[in-house]
2 protein chains.
Amino acid sequence: MSPSASPASPRRPLTDSPTVHDQVYDAIRQALVTGRIAPGVGVSLRSLAAELGVSPMPVRDAVRRLVAERALAINPANKRLSVPSLTAARLEQLSQARLWIEPELAARAASQADAALIRALKAIDARLDAALAAGDVDGYMTANHAFHFAIYERAEAEVLLSMARALWLQIGPFMRVVFGRVGTVGLPADRHAEAMDALKTGDAEAARQAIAADLSDGMDKMRVAVGG
Amino acid sequence: MSPSASPASPRRPLTDSPTVHDQVYDAIRQALVTGRIAPGVGVSLRSLAAELGVSPMPVRDAVRRLVAERALAINPANKRLSVPSLTAARLEQLSQARLWIEPELAARAASQADAALIRALKAIDARLDAALAAGDVDGYMTANHAFHFAIYERAEAEVLLSMARALWLQIGPFMRVVFGRVGTVGLPADRHAEAMDALKTGDAEAARQAIAADLSDGMDKMRVAVGG
DNA sequence: GGACTTGCATTGTGATCGCAATTGCGGGCC
DNA sequence: GGCCCGCAATTGCGATCACAATGCAAGTCC
């Protein structure tokens with residue numbers, strides 16, 4: 001694979017406003033969340049760089065960042081990197097962490113919510129339903145992510161928010177497994193309606209419960225998809 | 001800054017077994033935890049590299065890693081990096097996260113504890129007391145860190161363990177503030193004894209309570225040091 | 001005398017080069 | 001025919017170079 005062999009589609013004006021590093025980071029992040037990089041298989045730094053049309057340097061930086069966020073794993077012996085394998089133990093720990101952090105963020109956001117947030121959430125939820133009806137897995141997952149973090153960002157809790165981001169990044173491959181096996185059907189958005197109601201009335205505890213229930217629903221599905 | 005130290009020295013004991021990146025990472029990490037880098041002041045990549053006698057490249061990698069772990073912050077405008085400032089909101093969030101994750105790790109470790117662990121903990125606690133008596137702040141903090149993570153590593157929960165590590169890294173500067181103002185006195189190690197007893201008997205709930213109490217003690221002190 | 005502007009030094013970023021180590025594979029040997 | 005050794009390609013790591021942007025400071029003009 002020669003470095004000058006793929007200027008076809010990935011050759012983009014990468015040097016716009018953000019740095020190349022950020023673009024590479026987002027690209028790999030997206031590839032991870034959408035499951036384009038299968039867990040277990042090893043990927044090489046140079047191949048990624050060639051695929052993105054940049055030098056290995058920003059790729060290395062992005063990979064280090066993702067490794068620090070536990071979204072990528074690196075074999076100590078090989079030094080080769082791969083996606084962490086999906087084990088029941090990992091899923092259980094990630095679920096437990098999410099079940100504490102994310103309801104907390106929702107509860108904090110309840111006191112900060114306003115009409116604009118509710119409107120934005122309704123719009124996102126509409127996109128989510130549309131993607132669900134169309135069987136658009138990527139669209140559903142994007143909208144679901146947007147819905148949750150539109151809430152969480154209102155909590156004004158930067159530390160917890162960054163932890164939630166890291167958890168979503170790690171649990172992305174699991175989500176892909178869910179939709180790959182059981183499909184997008186059977187994932188009701190009722191919890192989202194409950195969450196929006198709670199935010200509208202500023203009820204922190206109700207928001208906490210709604211998000212906790214939403215997470216539990218999704219994680220139960222992941223559990224059956226992974227564990228058996 | 002004196003880059004004439006050894007910018008091009010071909011043979012250094014640095015290239016032993018671990019990589020230069022890891023050494024730089026550990027060096028900056030230690031500097032952060034021990035408070036050698038004061039919060040708010042900006043540090044430069046090249047100055048760090050010159051100080052460590054390496055090229056800016058592994059320093060950049062290490063800094064990216066630390067930024068991803070929220071141990072360092074980077075100004076979006078300046079692009080210059082600094083230690084995150086110590087705010088009450090940050091401390092409160094970090095405390096809340098620790099209060100959930102670390103007792104959980106202790107509880108999980110309770111079922112895995114054996115005599116060897118207890119012996120190791122006793123040795124660490126002895127070093128801790130010695131440092132406390134001698135007024136050795138660095139020694140105390142090192143021993144305290146070792147005590148907690150000797151327990152946590154027994155939990156066999158890699159995800160939660162890495163989260164705990166990141167939290168300690170972020171809360172390090174706060175700890176330095178505590179010892180800079182109120183000194184090392186008045187930090188009883190009784191909770192450590194409680195924790196060891198709980199681990200010895202395999203009592204998960206007692207271990208959880210002991211670690212939670214230990215954290216609460218320390219964080220109360222940080223709270224008064226920062227907020228008041 | 002004070003504020004603005006212009007010049008230089010410094011910083012972060014990205015690319016290319018060189019090096020050591022590991023992997024994969026082909027040929028030679030038993 | 002199977003196993004083992006050795007060579008080549010690939011990979012990651014670190015250094016150096018080059019460039020754009022920012023910070024700082026001295027000089028200049030009002």
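A polar contact is a pair of N or O atoms within 3.5 Å. The views below come from a predicted model.

**Figure 1. Val20(A), Ser55(A) and Leu45(B) reach the phosphates of DNA strand C.**
A polar backbone atom of Val20(A) is 2.6 Å from a phosphate oxygen of this strand. Ser55(A) uses its side chain instead: a polar atom there lies 2.4 Å from a phosphate oxygen of DNA strand C. From the other chain comes Leu45(B), with a polar backbone atom 2.8 Å from a phosphate oxygen of the strand. Several elements give two or more residues to the surface near DNA strand C. In chain A they are helix H1 (20-33) and helix H3 (56-68). In chain B they are helix H2 (45-52) and helix H3 (56-68).

**Figure 2. The protein surface near DNA strand C has 16 residues.**
The closest are Val20(A), Ser55(A), Leu45(B), Arg46(B) and Arg60(B). Of the atoms of DNA strand C within 4 Å of the protein, 51% are in sugar and phosphate. Which helix gives the most to this surface? H3(B) does, with three residues. By type, the residues of the surface are six nonpolar, five polar and five charged.

**Figure 3. Around DNA strand D there are 19 residues.**
Those that come nearest are Leu45(A), Arg46(A), Arg60(A), Val20(B) and Ser55(B). Sugar or phosphate holds 55% of the strand's atoms within 4 Å of the protein, and bases hold the rest. Helix H2 (45-52) and H3 of chain A each supply at least two residues of this surface. So do helix H1 (20-33) and H3 of chain B. H3(A) gives the most, with three residues. The surface near DNA strand D divides into nine nonpolar, five polar and five charged residues.

**Figure 4. Arg46(A), His21(B) and Ser55(B) make polar contacts with DNA strand D.**
What part of DNA strand D does the side chain of Arg46(A) approach? It is a base: an N or O atom of that side chain is 2.4 Å from a base nitrogen. His21(B) and Ser55(B) approach phosphate oxygens of the strand. For His21(B), a backbone N or O atom lies 3.2 Å away from one. For Ser55(B), a polar side-chain atom lies 2.2 Å from one.

**Figure 5. Chains A and B are related by a two-fold axis.**
Two copies of a chain are related by a rotation about an axis and a shift along it. Here a turn of 180° and a shift of 0.0 Å along the axis lay chain B on chain A, with an RMSD of 0.1 Å. That is the relation of a two-fold axis. Which residue of chain B comes closest to the rotation axis? Arg65(B) does, its C-alpha being 2.6 Å away. How do the copies meet? They meet through the same surface, because 100% of the interface residues of chain B are also interface residues in chain A.

**Figure 6. Chain A has an open sheet of three strands.**
The order is S1-S3-S2, and the pairing is antiparallel. Strand S1 (42-43) and strand S2 (73-74) of chain A stand at the edges. Each has a single partner strand, so one side of each is left without a neighbour in the sheet. Two bridges pair S1(A) with strand S3 (residues 81-82) of chain A in the antiparallel sense. Gly42(A) stands opposite Ser82(A) in S3(A).

**Figure 7. Chain B also holds an open sheet with the order S1-S3-S2.**
Its three strands pair antiparallel. Which strands of chain B stand at the edges? They are strand S1 (42-43) and strand S2 (73-74). Each has a single partner strand, so one side of each lacks a neighbour in the sheet. S1(B) and strand S3 (residues 81-82) of chain B run antiparallel, joined by two bridges. Val43(B) has Leu81(B) in S3(B) as its bridge partner.

**Figure 8. Arg191(A) forms a salt bridge with Glu194(A).**
Side chains of opposite charge can pair when their charged atoms come close. In this pair, the closest N and O atoms are 3.6 Å apart. Both residues, Arg191(A) and Glu194(A), lie in helix H8 (residues 190-201) of chain A. They are three residues apart, about one turn of the helix. How many salt bridges does the whole structure have over all chains? A search finds 26.

Definitions and conventions
Residues are numbered from 1 along each chain as its sequence is written. Chains are lettered from A and ligands numbered from 1 in the order in which they are written. This is a predicted model: local features need pLDDT of at least 70, side-chain atom pairs count only at pLDDT 80 or more; totals for chains, interfaces and linings use all residues. Side-chain values use heavy atoms; hydrogens and water are left out. A residue is near a molecule or strand if one of its heavy atoms lies within 4 Å of it. A polar contact is a pair of N or O atoms within 3.5 Å; within protein, one must be able to donate a hydrogen and the other to accept it, and residues adjacent in sequence count only if both atoms are side-chain atoms. Helices (H or I, at least four residues) and strands (E, at least two) are DSSP runs, numbered from the N terminus. Ala, Val, Leu, Ile, Met, Phe, Trp, Tyr, Cys and Pro count as nonpolar, Asp, Glu, Lys and Arg as charged, and the others, Gly among them, as polar. Copies are superposed by least squares on the C-alpha atoms of residues with pLDDT of at least 70 in both. Contact means heavy atoms within 4.5 Å. Two strands pair if DSSP finds at least two bridges between them. A salt bridge is a side-chain nitrogen of Lys or Arg within 4 Å of a carboxyl oxygen of Asp or Glu.
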